[in-house]
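Reader: I am new to this structure. Please take me closely through one part of it, then follow its links to the rest.

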Amino acid sequence: MKCYICAKQGVNEEAVAICIVCGMGLCMGHAFKENLLVRDIIDWGFGEEHVQYPHTLPRFICAECKLAISQRTQKAKQ
């Protein structure tokens, strides 16, 4: 698979990742690696416990999807 962004620019670059949101093939130069927190809510019957685990899940994302997600989180902070 080739990097979609490179292919649009006329460059022949192999994809090393796929955007988790849109599915676009990405080369090393166009892939952003993010870490997704792993969380649980455990209901003990007398209350809930929120647990955040130390290990994260890696995910790869393209610049366009990263921008779209960041504008969503910025709006939530307002």
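Author: Arginine 72 counts as exposed, because its relative accessibility is 68%. Exposed means over 50% relative accessible area, buried means under 20%, and partly exposed lies in between (1.4 Å probe, protein chains only). Arginine 72 lies in helix H2, so helices and strands need a rule: they are DSSP runs, numbered from the N terminus, with at least four residues (H or I) for a helix and at least two (E) for a strand.

A word on the source. This is a predicted model, in which local features need pLDDT of at least 70 and side-chain atom pairs count only at pLDDT 80 or more, while totals for chains, interfaces and linings use all residues. Residues are numbered from 1 along each chain as its sequence is written, and side-chain values use heavy atoms, with hydrogens and water left out.

Now the confidence. pLDDT is the predictor's confidence in each residue, on a scale from 0 to 100. The chain averages 91. At least 70 is reached by 92% of the residues. Helix H2 spans residues 63–77 and has the lowest mean pLDDT among the elements of the chain, 80. The highest, 98, belongs to strand S2, residues 25–26. Where pLDDT is low, the predicted coordinates should not be read in detail.

Back to helix H2. Arginine 72 sits 18 Å from arginine 59, C-alpha to C-alpha. In sequence the two are 13 residues apart. Another H2 residue, cysteine 65, shows the opposite exposure. Cysteine 65 is in helix H2 and is buried, because its relative accessible area is 11%. Which residues does cysteine 65 touch, leaving aside its neighbours within four places in sequence? They are Cys19, Val21 and Cys22. Contact here means heavy atoms within 4.5 Å. Cysteine 65 also lies 9.0 Å from isoleucine 20, C-alpha to C-alpha, with their positions 45 residues apart in sequence.

Cysteine 65 belongs to the largest nonpolar core. Such a core is a set of buried Ala, Val, Leu, Ile, Met, Phe, Trp, Tyr and Cys residues, joined through side-chain atoms within 4.5 Å. This one has 8 residues in all: Ala17, Cys19, Met24, Leu26, Ala31, Ile61, Cys62 and Cys65. Look at cysteine 19 in it. Cysteine 19 is buried, because its relative accessibility is 2%. Not counting residues up to four places away in sequence, cysteine 19 touches Met24, Leu26, Phe60, Ile61, Cys62 and Cys65.

So many cysteines raise a point about bonds. How many disulfides does the rule count? The count is 0. A disulfide is a pair of cysteine sulfur atoms within 2.5 Å. The cysteine sulfur closest to that of cysteine 19 belongs to cysteine 22, and it is 3.7 Å away, so the gap is too far for a bond. Cysteine 27 has a similar story. Its sulfur is 3.7 Å from the closest cysteine sulfur, in cysteine 6, so no bond is counted there. Cysteine 27 is buried too, with a relative accessible area of 4%.

Helix H2 also takes part in a salt bridge. A salt bridge is a side-chain nitrogen of Lys or Arg within 4 Å of a carboxyl oxygen of Asp or Glu. The chain has 3 of them. Arginine 59 pairs with glutamate 34, with closest N and O atoms 3.1 Å apart. Arginine 59 is in strand S6 (residues 57–61) and glutamate 34 in strand S3 (residues 32–36), so the pair links distant parts of the chain, 25 residues apart. Arginine 59 counts as partly exposed, at 23% relative accessibility.

Lysine 66 pairs with glutamate 34 as well, and here the closest N and O atoms are 2.9 Å apart. Lysine 66 lies in helix H2 and glutamate 34 in strand S3, so this pair ties together parts 32 residues apart in sequence. Lysine 66 is partly exposed, at 31% relative accessibility. Through shared partners, the salt bridges join Glu34, Arg59 and Lys66 into one network.

One more salt bridge lies elsewhere. Glutamate 14 pairs with lysine 2, the closest N and O atoms being 2.3 Å apart. Glutamate 14 is in the loop between helix H1 (4–8) and strand S1 (17–18), and lysine 2 is in the segment before H1, 12 residues away in sequence. Glutamate 14 is partly exposed at 41%, and lysine 2 is partly exposed at 39%.
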